[in-house]
Amino acid sequence: MPRAPAARYTGAMAEELLSTVRRAAAGDEEAARALVRRYEGQLKGLIASGIGDDLRPRVAASDVFQATMVSALADLGRFEWNGEAAFVGWLRTIAERQLLM
């Protein structure tokens with residue numbers, strides 16, 4: 001999949017994102033929904049570009065995105081925060097694995 005530039009946040013915005021990730025890892029459903037909304041467009045675009053022509057008639061980017069986020073949210077407690085770029089990279093890796101299934 002092609003790499004999309006990750007948004008870079010500093011200060012209060014970075015702390016807010018980290019707080020959202022931590023709350024989602026602790027089971028906060030609203031925080032989880034916020035993460036889904038935040039990364040939906042970016043990840044769906046990357047997923048769509050990673051679906052080959054042979055799979056396109058059978059696989060929807062939205063289905064792969066949903067599986068990606070279910071997996072990510074289930075494993076969020078094991079993710080070690082190292083900034084948004086690392087978080088997006090982790091989400092991308094999960095999406096790439098979903099495409100291989």
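Guide: Let's start with what makes an aromatic pair: rings of Phe, Tyr and Trp, the last by its six-membered ring, pair if their centres lie within 6.5 Å. Keep in mind that we're looking at a predicted model.

Visitor: How many aromatic pairs does the structure hold?

Guide: Six aromatic pairs turn up here.

Visitor: And how do I read one of them, say Phe79 with Trp81: what kind of pair is that?

Guide: A pair of aromatic rings is described by the distance of the centres and the angle of the planes. For Phe79 and Trp81, the centres sit 6.4 Å apart and the planes stand at 80 degrees, so we call this pair edge-to-face; the cut-off for that is over 60.

Visitor: Is Phe79 buried or exposed?

Guide: Phe79 is buried, at a relative accessible area of 15%. Trp81 comes out at 25%, which makes this residue partly exposed.

Visitor: What about Phe79 and Trp90: which kind of pair do they make?

Guide: That one is tilted, because the planes are at 35 degrees, with the ring centres 4.9 Å apart. Look at where the two residues live, too: Phe79 is in the loop between helix H3 (61-75) and helix H4 (84-100), while Trp90 belongs to helix H4, so the pair ties together parts eleven residues apart in sequence.

Visitor: Which residues form the aromatic cluster?

Guide: Tyr39, Phe79, Trp81, Phe87 and Trp90 form one cluster.

Visitor: Tyr39 makes me curious about the helices. At what angle do H1 and H2 pack?

Guide: About 125 degrees, and the axes of H1 and helix H2 (residues 29-50) are 8 Å apart. That angle makes H1 oblique to H2. The crossing of H1 past H2 is left-handed. On the H1 side, Leu17, Thr20, Val21, Arg23 and Ala24 take part, meeting H2 residues that include Leu35, Arg38 and Tyr39.

Visitor: Over in helix H3, where Thr68 has its place, what does Thr68 contact beyond its neighbours within four places in sequence?

Guide: Its partners there are Ile47, Leu91, Ile94, Ala95 and Gln98. Thr68 has a relative accessible area of 0%, so we call it buried.

Visitor: Last one: what is the average pLDDT of the protein chain?

Guide: The chain averages 88, and 90% of the residues score at least 70. Among the helices, H1 (residues 12-25) has the lowest confidence, at a mean of 92, and H3 the highest, at 96. Over residues 1-7, though, the pLDDT is below 50, even if that stretch has 18 contacts in the model beyond near neighbours in sequence. Where pLDDT is low, the predicted coordinates shouldn't be read in detail.

Note on methods
Residues numbered from 1 in each chain as written. Predicted model: local features only at pLDDT ≥ 70, side-chain atom pairs only at ≥ 80, totals over all residues. Heavy atoms only, no water. Phe/Tyr/Trp six-rings, centres within 6.5 Å; stacked < 30°, edge-to-face > 60°. Buried < 20%, exposed > 50% of the residue type's maximum accessible area, 1.4 Å probe, protein only. Helix = DSSP H or I, 4+ residues; strand = E, 2+ residues; numbered from the N terminus. pLDDT = per-residue confidence, 0-100. Contact = heavy atoms within 4.5 Å. Axes fitted to C-alpha atoms, helices over the stretch in contact; angles between N-to-C directions. Parallel < 35°, antiparallel > 145°, perpendicular 65-115°, else oblique. Left-handed = near helix turned anticlockwise from the far one by under 90°.
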